[in-house]
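Visitor: I would like a close look at a single part of this protein. Please take me through how its helices pack against one another.

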Amino acid sequence: MPLPILYSFRRCPYAMRARLGLLLGQCQVEVREITFKAKPAEMLAISPKGTVPVLQLPTGEVIAESLDIMLWGLHKADSPAAQQLLGQTTSAQSLINELIVQNDVEFKPWLDKYKYADRYPEYSQADYFAKASTFLVRLEAQLQQHPYLISPALSLADFAIMPFIRQFTAVDAKRDLNGDFPRLMAWLTELTSTDIFQHAMTKYVIWQTGNTPNYLLGMSISK
Ligand SMILES: N[C@@H](CCC(=O)N[C@@H](CS)C(=O)NCC(=O)O)C(=O)O
């Protein structure tokens, strides 16, 4: 039985969240690491927009949005653990969705401008930091209420958002964010220390037609 194929890029936060979702959903997929300089024709043929991640199912269906890949993986798992991650109540589900939308629509564009401030001279890097921080303030407030973003238990929101907070902290690794965002920084350290994240960050050689396949195997959350 052929496996789904995931076109991925190790350092892309969207691809990271997709890999995490597939791991959490206990899905077994073939991973094809790409390079942006030479995107594989096989990937462009199924997803001409050319972004990663892209998941190609054995049925031919193509999922080319990271959040949809996470949702596919978790719905496929159909387990109590996956249900917990997806949110047990409609209010949990809507908070998960709201936080992820704020991450993707509002925070990520400010993060990109903060990271590449020299390309956006309208404002200073400090201004972009301040704009992006609005979201961090909200996450810090969430984490004051419980250990994870929406409740005492991990959810899709934690895994979908964490790669972007990690990217934000890496822009200026010398900047200490523990003073302003102590809970968020502890949360980030905890999540990036999990086996599942370490597994999601496995290094693969760039895929080429005919390569020996690399597989991502599902796993449960452990530290
Ligand atoms: N909305 C997409 C965004 C994916 C995305 O923008 N990925 C970036 C890498 S982090 C990409 O593939 N960019 C294409 C390029 O740089 O050529 C998703 O959630 O999957």
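Guide: What follows is a walk through the helix contacts, with the two annotated domains as a frame. The model is predicted.

Start with the frame. UniProt, in an unreviewed entry, lists "domain: GST N-terminal" at residues 2-81. That span is 40% helix and 18% strand. Its end C-alpha atoms are 26 Å apart. The same kind of record, also unreviewed, gives "domain: GST C-terminal" for residues 89-214. Here the chain is 63% helix and 1% strand, and the end C-alpha atoms lie 37 Å apart.

Now the helices. Two packed helices are described by the angle between their axes and the distance between the axes. Three helices matter for this view: helix 1 at residues 13-24, helix 5 at residues 90-115 and helix 7 at residues 156-171.

Take helix 5 with helix 7. Their axes come within 10 Å and cross at roughly 15 degrees. Angles under 35 degrees count as roughly parallel, so helix 5 is roughly parallel to helix 7. The crossing is left-handed. From helix 5, the contact uses I96, L99, I100, N103, F107, K108, L111, Y114 and K115. Helix 7 answers with L156, A157, A160, I161, F164, I165, Q167, F168 and V171. By class, this contact of helix 5 with helix 7 has 14 nonpolar, 2 polar and 2 charged residues.

Next, helix 1 against helix 7. The axes come within 8 Å and cross at roughly 145 degrees. This crossing is right-handed. P13, Y14, M16, R17, L20 and L24 of helix 1 make the contact with F159, A160, M162, P163, F164, R166 and Q167 of helix 7. The residues of helix 1 and helix 7 in this contact divide into 10 nonpolar, 1 polar and 2 charged. A160, F164 and Q167 of helix 7 touch helix 1, and A160, F164 and Q167 also belong to the contact with helix 5.

Helix 1 meets helix 5 as well. Their axes come within 13 Å and cross at roughly 165 degrees. Angles over 145 degrees count as roughly antiparallel, so helix 1 is roughly antiparallel to helix 5. The crossing of helix 1 and helix 5 is right-handed. P13, Y14 and R17 in helix 1 meet I100, N103, D104 and K108 in helix 5. This contact of helix 1 with helix 5 is made of 3 nonpolar, 1 polar and 3 charged residues. P13, Y14 and R17 of helix 1 also take part in the contact with helix 7.

Now the start of helix 7. S155 sits in the loop between helix 6 (125-145) and helix 7. Is S155 buried or exposed? S155 counts as buried because its relative accessible area is 1%, and the cut-off for buried is under 20%. Beyond its neighbours within four places in sequence, S155 contacts L85, I96 and I150. Of these, I96 belongs to helix 5 and is part of the contact with helix 7.

Finally, L71, in helix 3 (residues 66-77). L71 is partly exposed, at a relative accessible area of 27%. Leaving aside neighbours within four places in sequence, L71 is in contact with L86 and L156. L156 is in helix 7 and also meets helix 5. L71 and L85 stand 14 residues apart in sequence and 10.0 Å apart in space, C-alpha to C-alpha. L85 is also one of the contacts of S155.

Terms used. Residues are numbered from 1 along each chain as its sequence is written. This is a predicted model: local features need pLDDT of at least 70, side-chain atom pairs count only at pLDDT 80 or more; totals for chains, interfaces and linings use all residues. Side-chain values use heavy atoms; hydrogens and water are left out. UniProt positions are given in the numbering used here, feature names are shortened, and annotations may be inferred rather than shown by experiment. Helices (H or I, at least four residues) and strands (E, at least two) are DSSP runs, numbered from the N terminus. Axes are lines fitted to C-alpha atoms, for helices over the stretch in contact, and angles run from 0 to 180 degrees between N-to-C directions. Angles under 35 degrees count as roughly parallel, over 145 as roughly antiparallel, 65 to 115 as roughly perpendicular and the rest as oblique. A crossing is left-handed if the near helix is turned anticlockwise from the far one by less than a right angle, and right-handed if clockwise. Contact means heavy atoms within 4.5 Å. Ala, Val, Leu, Ile, Met, Phe, Trp, Tyr, Cys and Pro count as nonpolar, Asp, Glu, Lys and Arg as charged, and the others, Gly among them, as polar. Buried means under 20% relative accessible area, exposed over 50%, partly exposed in between (1.4 Å probe, protein chains only).
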